[in-house]
Amino acid sequence: MNKLTIKIATAVSSAALIVSSFATPLMATTVEISGNGSDSDNTVAVQQTNTTVVTQTNTANISNNIDVDANTGDNSAEDNTGGDVSIDTGDAKATVGVSTTANSNQADVSGCCAGDTSIKVSGNGSDSDNKVGLKTTNTSVVTQDNNANISNDVDVDLDTGGNDAEDNTGGNVAIDTGDADATVTISNQANANWAAITAGPNGGGSLSVEVAGNGADSDNDVAVELASEKIISQSNNANISNDVEVDADTGDNEAEDNTGGDVSIDTGDATAKVEVSNMANFNAADLEGCGCVGDLDIKVKGNGAESDNEVGVLLG
């Protein structure tokens, strides 16, 4: 019975996965300088900047080199005379599995922030000089970087004996080896990043400033600056090298110069099982909330007479 089984599952390699998803922030802004009149001089200046930069980089150099040699003996029975010479080896198995999953990035940038902003400088009139200045800046930068060099070199050599029965004369010489099992499993998973800068559609928002009645010697100033800058930077580097060499051999078997009868070599069984698992670098970051406003209400009311009203809000 001769059995030689080789099963190789190799280089199931998945090199890069990049998933990016980001949503534009809500930019609801309302500025109103109302009734005006009299010596009016009314100025509104609004500047809004929104920058979202997502950069994800993967580099993977993967090399799998697998060499499997299965052999059920070098079998030789030599110069038999008479009867009974038997060499029965059979069985040599090899199962090699290599699975490599290299780089992975995922980034989710949503909103951050600004949305809802309402400024009202109302009745105006008289010696009015009304100014509103609004500056909104959103900057979200996600940079993720992976670099992995993975090299697997697997060498499996199975042999069920060197078998040699030599110069038999007469009867009964038996060599029976069989069995040489080797299982090699290597699994590498290299780099992974996950980043989220959120405060989604309804996160943050809402700032309301009202400088109301105005009138008389009015000089009303509102200056609001909303800024949100979130930066996530993640970087991985992994160099993984596995070199596995398995040699299973059930004997060099020799029976030499047999004469007469009864010589028997029975070895069988040589098993090697190797498992290697490397899991390299992982990052995860989440800046939920983003520190944006989320409800703020300022009112400077009745005004009048020798009014000089100022509102200044600076949020970072």
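Here are some questions and answers about this predicted model.

Me: How many helices and strands does the chain have?
Reply: Happy to start with the overall picture of this predicted model. Buried residues make up 37% of the 316 residues in the chain. The secondary structure comes to zero helices and 17 strands.

Me: What share of the contacts with a separation of 6 or more joins residues 24 or more positions apart?
Reply: One pair gives a feel for such spans: Leu314 and Ala223 are 91 residues apart in sequence, yet their C-alpha atoms are 8.2 Å apart in space. Across the chain, for contacts with a separation of 6 or more, the share from residues 24 or more positions apart is 91%.

Me: Where in the chain is confidence lowest?
Reply: The mean pLDDT of the chain is 78, and 83% of its residues reach 70 or more. Residues 5–11 stay under 50, and the model has 20 contacts for them beyond four places in sequence. At the other end of the scale, strand 9 has the highest confidence, with a mean of 90. The lowest, at a mean of 51, is strand 1 (residues 4–23).

Me: Why do strand 2 and strand 16 each have one side without a neighbour in the open sheet?
Reply: This sheet has four strands in the order 2-6-11-16, with parallel pairing. Strand 2 (30–33) and strand 16 (297–300) therefore each leave one side without a neighbour, because they stand at the edges and have a single partner strand.

Me: Which residue stands opposite Val209 in strand 16?
Reply: Let's look at the pairing at one edge of that sheet. Strand 11 (residues 208–211) and strand 16 pair in the parallel sense over four bridges. Across from Val209 in strand 16 stands Ile298.

Me: Which strand gives the most to the largest nonpolar core?
Reply: This core has 17 residues, and those touching the most other members are Val96, Val154, Val156, Leu158, Val184, Ile186 and Val246. At least two residues each come from strand 3 (42–71), strand 5 (92–110), strand 7 (130–159), strand 9 (181–189) and strand 12 (220–249). The top contributor, with four residues, is strand 5.

Me: How many residues are in the other core, the one with Ile33?
Reply: That core lies apart from the largest one. Its members include Ile33, Val222, Val311 and Val313. The count for this core is 13 residues.

Me: Which residues form the covered face of strand 9?
Reply: Strand 9 shows two faces, so to speak. The uncovered one holds Asp181, Thr183, Thr185, Ser187 and Gln189. The covered one is made of Ala182, Val184, Ile186 and Asn188.

Me: What is the bridge partner of Ala182 in strand 14?
Reply: Strand 9 has pairings with two strands worth a look here. With strand 5, the pairing is parallel over nine bridges, and Gly97 has Thr185 as its bridge partner in strand 9. With strand 14 (residues 271–279), strand 9 also pairs in the parallel sense over nine bridges. The partner of Ala182 there is Ala272.

Me: Is Thr250 buried or exposed?
Reply: Thr250 sits in the loop between strand 12 and strand 13 (263–265). Beyond its neighbours within four places in sequence, its contacts include Asp159, Thr177, Asp179 and Asp269. Its relative accessible area is 3%, and the cut-off for burial is under 20%, so Thr250 is buried.

Me: Is Leu314 buried or exposed?
Reply: Leu314 lies in strand 17 (residues 309–315). Its relative accessibility is 63%, and the exposed class begins over 50%, so Leu314 is exposed.

Me: What is the phi of Asp179?
Reply: Asp179 belongs to the loop between strand 8 (173–175) and strand 9. At 24% relative accessibility, Asp179 counts as partly exposed. Its phi is positive although the residue is other than glycine, with a value near 55 degrees.

Me: Where is Asp84, which has a positive phi of about 40 degrees?
Reply: Asp84 is not a glycine, yet its phi is positive, at about 40 degrees. Its place is in the loop between strand 3 and strand 4 (85–87).

Terms used. Residues numbered from 1 in each chain as written. Predicted model: local features only at pLDDT ≥ 70, side-chain atom pairs only at ≥ 80, totals over all residues. Heavy atoms only, no water. Buried < 20%, exposed > 50% of the residue type's maximum accessible area, 1.4 Å probe, protein only. Contact = heavy atoms within 4.5 Å. Pairing = 2+ DSSP bridges. Core = buried A, V, L, I, M, F, W, Y, C linked by side-chain atoms within 4.5 Å. pLDDT = per-residue confidence, 0-100.
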